[in-house]
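Me: I am new to this structure and would like to go through it step by step. Could you take my questions one at a time, with the reasoning before each result?

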Amino acid sequence: MLLLDKLERRLGRFAIPHLSLWLVIGQVFVLLSALLGLLDLNYFVLVPELTRHGEWWRLITFVFMPPPPGMFGYIFTAFAWYIFYLMGGALEGFWGEFRFNLFLFTGYALTVAAAFLTPLAPTSNLFIATSVFLAFAWLNPDFELAIFFILPVKIKWLALLTWILNGYYLIRGDWPLRFQILASVGNFLLFFARDITQTMRRRQRTMTQHVRRVATANDEPEARHRCVTCGKTNLTHPQMDFRYCSKCAGDQCYCADHIFNHVHILTDGAAAQK
């Protein structure tokens, strides 16, 4: 945190406000241009080997590659833009412009570095957006997201599903996909590892305290004498005498303060054993 504070003091003036909005605007422009036949989306995909042969612009243009239409067509694309803008704006409001910029540029740098590990494989900006989603879900786990504006779901469950899918593709996916997942996870951990560690320690302390309370409650000795009138016991009042009324059902116990108010007074006057 101290390093981030120092960087923000020195470089904060260079932060781009509303960065997520500008990225969405850029992707909308690229998609519309492609639909009109003015641009070829194949030139926007990052292929490291091609950048070595002079197509350096791919290092920049791949961040403006629009989301794929998917099974719902461009409705899914519009929904993906909306989610990215919503969550990006929330993170910028929480962190400030500089730290949100740093989060995105760190994800960009890790994604590009991972891409060069498999230079012939194409790379998209999908997992940069995924890291934004995971960051928002960590900070706002109970936020309800209306899937396609209809089905409300708490975002923590969607984040859990995303982590499960990441784990699955880390095991079953090819190496280019694995490197991209590791890049997005690395970006997330760089910013949240400390919070995760503190949360785990706090939960561990809470669990330990709960176990101790349960163990202590189980270890407490059971009272031998308990007044049926006031609830005093030989544990809470060890110096008090307790008497039993043999004429009551179950030989009810009374403390010295209440035995004489009882209708049946003991005749033997013997104190019960503490």
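**Around Phe103**

Reply: In this predicted model, Phe103, leaving aside its neighbours within four places in sequence, is in contact with Trp95, Ser131, Val132, Ala135, Asn187, Phe188 and Phe191.

Me: Is Phe103 buried or exposed?

Reply: Phe103 belongs to helix α6, which covers residues 97–115. A residue counts as buried when its relative accessible area is under 20%. The relative accessible area of Phe103 is 0%, so this residue is buried.

Me: How far apart in space, C-alpha to C-alpha, are Phe103 and Leu190?

Reply: Along the sequence, Phe103 and Leu190 are 87 residues apart. In space, from C-alpha to C-alpha, the distance between Phe103 and Leu190 is 8.9 Å.

Me: Is Arg202 buried, partly exposed or exposed?

Reply: Arg202 is found in helix α9, made of residues 175–219, and together with Arg201, Arg203 and Arg205 it forms a positive surface patch. The class between buried and exposed runs between 20% and 50% relative accessible area. Because the relative accessibility of Arg202 is 44%, this residue counts as partly exposed.

Me: Which pattern does the chain follow when read along the sequence?

Reply: The secondary structure of the chain comes to nine helices and four strands. Read along the sequence, these elements give the pattern α-α-α-α-α-α-α-β-β-α-α-β-β.

Me: What percentage of the residues of the chain count as buried?

Reply: The accessible surface of the chain comes to about 17400 Å², and 64% of that surface belongs to carbon and sulfur atoms. Of the 274 residues in the chain, the share that count as buried is 34%.

Definitions and conventions: Residues are numbered from 1 along each chain as its sequence is written. This is a predicted model: local features need pLDDT of at least 70, side-chain atom pairs count only at pLDDT 80 or more; totals for chains, interfaces and linings use all residues. Side-chain values use heavy atoms; hydrogens and water are left out. Patches are made of residues with over 30% relative accessible area and no salt bridge: like charges are joined within 9 Å, nonpolar side chains (Val, Leu, Ile, Met, Phe, Trp, Tyr) within 5 Å. Accessible areas come from the Shrake-Rupley method with a 1.4 Å probe; for residues, only the protein chains shown count as cover. A salt bridge is a side-chain nitrogen of Lys or Arg within 4 Å of a carboxyl oxygen of Asp or Glu. Lys and Arg count as positive and Asp and Glu as negative; His and the chain ends are not counted. The place of a charge is taken as NZ of Lys, CZ of Arg, CG of Asp or CD of Glu. Helices (H or I, at least four residues) and strands (E, at least two) are DSSP runs, numbered from the N terminus. Buried means under 20% relative accessible area, exposed over 50%, partly exposed in between (1.4 Å probe, protein chains only). Contact means heavy atoms within 4.5 Å.
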